[in-house]
Amino acid sequence: MIATESVIQDTKAAAADKSLISPRFYVTDYKKMNALRFDHMADAFKAMHKRFADDPNKHFFKRDDDPDFDQDFSKLPASFKEFLIRGCLGEFSGALLYKEIAERIEDPILSDTYRLMARDEGRHSGFIRLAMRDISADLDLQLLQGEKEFVSMHPKIILYTTYLSEVIGYFRYINIYSHLQAHPEHRYHPIFKYFGGWCQDELKHGDFIGLQLEAQKNLYLDGGVNRLLIRFFSLAVYVTMWLRDLKAQDFYASIGMNWREYDLKVIRETNAYAQRVFGLRLDVDHPQFIQILDRMAERYTKMTEREASGAGKLALAPMKAAMGVDYLRLFMMKVRKDAPPPIPDYPVAPIIKGCSVKHGAEPAMA
Ligand SMILES: [Fe+2]
Ligand SMILES: [Fe+2]
């Protein structure tokens, strides 16, 4: 039995969290979105819609046939709950945004693809909530929707950031999955087994949003200003994840992972994958890039420690400014356009009892 009081508390804390690293809820300008043309790539969007409608994960997110869920989960590390809350917020945020776009966008094929994408994210957040209930936790999604502030962004920025979030989501899930396949002794909850099939949804989402960017090549990808924006928002996505995972390092340690190595790998792979749409990549393997990221992590740790010990905004301002300078230094670094480093051929889907998903047939990266 989950105490309602604690669910309300967790939900209100998640809604009120406006820190740099907290997941946001987004809306966009639908008039501007409807002014975009997609019909010149109608065949590609129809094929993409089919990929969503085929829905190979239709029966995937079902726990009934999996006896691994019938266990006592009362002694799992506290960091696991935080991991689930963050995951649920991210998935639910996607479900809300995509549902709203599906209702407002005029192109019927895109609208229905967004609807199916919202369906996927709804499934993901629902599956995480079931795991939360295993550890006597939950979020009140209706309350969350009512209390959380929504941020409005230009469709171009929405497409850049959701594209990267989906692709990074794929690499985050597949890397945890692969690690725990190799080290099952750290897999203390069966939800991790599902990340292998789950991440295929995220890659599909990323490819759909990438296709929309390609359809707006002149408007959204070409030209100096767009390239600067792409660099800025790519960095924003990487740095946010970096600081978020720094703070969540206990969770990664609990599953036998080093958060820093994991993040560098995920950033490297996302960066290489996104180059096919963006036409450039940040030089994330440059020693200076990693050095500055490490310095930001140090500064952020100090800043949050001082914040926790009651330091006011004024006392924290120099540290925030120093992090801003670090960010600017990363932003100013030269980008690369040569061939990206290879991405591992991850297996496509996991073997899970009761699931009809095919596995191991083709590499994830075409
Ligand atoms: Fe998702
Ligand atoms: Fe997604």
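This passage describes the packing of two helices and an iron site to which both contribute, as seen in a predicted model.

Helix α5, which spans residues 108-134, and helix α8, which spans residues 195-215, have axes that come within 11 Å and cross at roughly 150 degrees. Because angles over 145 degrees count as roughly antiparallel, this crossing makes α5 roughly antiparallel to α8. The crossing in which α5 passes α8 is left-handed. On the side of α5, the contact is made by Leu110, Thr113, Tyr114, Met117, Arg119, Asp120, Glu121, His124, Phe127 and Ile128, while α8 contributes Trp198, Asp201, Glu202, Lys204, His205, Phe208, Ile209 and Gln212. When these residues are sorted by class, the contact of α5 with α8 comprises 8 nonpolar, 4 polar and 6 charged residues.

Glu121, Glu202 and His205, which are among the residues of this contact, also serve as donors to the iron ion (ligand 2), whose coordination involves Glu121 (OE), Glu166 (OE) twice, Glu202 (OE) and His205 (ND1), at 2.0 to 2.7 Å. Along the sequence, the donor residues of the iron ion (ligand 2) follow the spacing E-x44-E-x35-E-x2-H. The iron ion (ligand 2) lies 3.4 Å from the iron ion (ligand 1), and glutamate 121 coordinates both ions. Since glutamate 121 belongs to helix α5 and histidine 205 to helix α8, the pair ties together parts that are 84 residues apart in sequence. Both glutamate 121 and histidine 205 are buried.

Note on methods: Residues numbered from 1 in each chain as written. Chains lettered and ligands numbered in written order. Predicted model: local features only at pLDDT ≥ 70, side-chain atom pairs only at ≥ 80, totals over all residues. Heavy atoms only, no water. Axes fitted to C-alpha atoms, helices over the stretch in contact; angles between N-to-C directions. Helix = DSSP H or I, 4+ residues; strand = E, 2+ residues; numbered from the N terminus. Parallel < 35°, antiparallel > 145°, perpendicular 65-115°, else oblique. Left-handed = near helix turned anticlockwise from the far one by under 90°. Contact = heavy atoms within 4.5 Å. Nonpolar A, V, L, I, M, F, W, Y, C, P; charged D, E, K, R; others polar. Donors = N, O, S within 2.8 Å, 3.2 Å for Na, K, Ca; no water. Buried < 20%, exposed > 50% of the residue type's maximum accessible area, 1.4 Å probe, protein only.
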